[in-house]
Amino acid sequence: MKRSCKTCTAIKRKPRRNWANVEVVYVPIYRPFCPRCGSEAFEHIRGEDNGDNSTTERVVCRDCSEPYKIVRELSDSELPDLGNG
Ligand SMILES: [Zn+2]
């Protein structure tokens, strides 16, 4: 018995995308650090989505055991200036 799925067939038929010459968009990521001792090592306890393009993570410093929260938020003030040519 031969099974065929229309969706799978459609995906397989898509031409392979060539990734060699595509543009590269760099998004900076800042390394969080402990507010008490400055260590970058922490243990992730839990994270939650704030629903406004930001997430809050509860973490505990691996070096001094200080608990703190890391808020990751989407920023569009840091977009690179691509120029208008
Ligand atoms: Zn610490």
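Which residue in strand 3 does Thr 55 stand opposite? In this predicted model, Thr 55 faces Arg 72 of strand 3. That pair is a good place to enter the structure, and we can come back to both residues once the overall layout is clear.

Let's start with the chain as a whole. The chain contains one helix and three strands, and from the N terminus on they follow the pattern α-β-β-β. Helix 1 covers residues 6–13, and a loop leads from helix 1 to strand 1. Of the 85 residues in the chain, 4% are buried. Among the contacts with a separation of 6 or more, 29% are between residues 24 or more positions apart.

Now for the sheet. The three strands make an open sheet in the order 1-2-3, with antiparallel pairing. Strand 1 and strand 3, the latter spanning residues 67–73, stand at the edges with a single partner strand each, so each has one side without a neighbour in the sheet. From one strand to the next, the twist averages 25°. As a reminder, strands of a sheet pair through backbone hydrogen bonds, and the pairing can be parallel or antiparallel.

Take the pairing of strands 1 and 2 next. Strand 1 occupies residues 42–49, while strand 2 runs through residues 54–61. Seven bridges join these two antiparallel strands. You can find one of the pairs by looking at Phe 42, whose bridge partner in strand 2 is Cys 61.

At the other end of this pairing is the turn to look at. The hairpin of strand 1 and strand 2 has four residues between the strands, and Gly 51 there takes a positive phi near 80°. Asn 53 also lies in the loop between strand 1 and strand 2. Its phi is positive too, near 65°, and Asn 53 is a residue other than glycine. Why does Asn 53 count as exposed? Because Asn 53 has 11 C-beta neighbours inside 10 Å, and a residue is exposed with 12 or fewer.

Moving on, strand 2 and strand 3 are also antiparallel and pair over seven bridges. Here our opening pair finds its setting, with Thr 55 opposite Arg 72. Further along strand 2, Thr 56 has Val 71 as its bridge partner in strand 3, and Glu 57 has Ile 70. Strands 2 and 3 form a hairpin as well, this one with five residues between them. Ser 65 sits in the loop between these strands and has a positive phi near 65°, again in a residue other than glycine. Ser 65 counts as exposed, because 11 C-beta neighbours lie inside 10 Å.

With the sheet in view, let's return to strand 1 and pick out Gly 47, which has its place there. Which residues does Gly 47 touch, leaving aside those up to four places away in sequence? They are Thr 55, Thr 56 and Glu 57. These three residues have already appeared in the pairing with strand 3: Thr 55 stands opposite Arg 72, Thr 56 is bridged to Val 71, and Glu 57 to Ile 70. Gly 47 and Ile 70 are 9.0 Å apart, C-alpha to C-alpha, with their positions 23 residues apart in sequence. Gly 47 counts as partly exposed because it has 13 C-beta neighbours inside 10 Å, while exposed residues have 12 or fewer.

Finally, follow the chain back to the loop between helix 1 and strand 1, where Ile 29 is found. Is Ile 29 buried or exposed? Ile 29 is exposed, because 6 other C-beta atoms lie within 10 Å. Ile 29 and Arg 72 are 43 residues apart in sequence, and their C-alpha atoms are 9.5 Å apart in space. That brings us back to Arg 72, the residue opposite Thr 55 in strand 3.

Notes:
Residues numbered from 1 in each chain as written. Predicted model: local features only at pLDDT ≥ 70, side-chain atom pairs only at ≥ 80, totals over all residues. Buried ≥ 20, exposed ≤ 12 C-beta atoms within 10 Å, placed from the backbone. Contact = placed C-beta atoms within 7 Å. Pairing = 2+ DSSP bridges. Axes fitted to C-alpha atoms, helices over the stretch in contact; angles between N-to-C directions.
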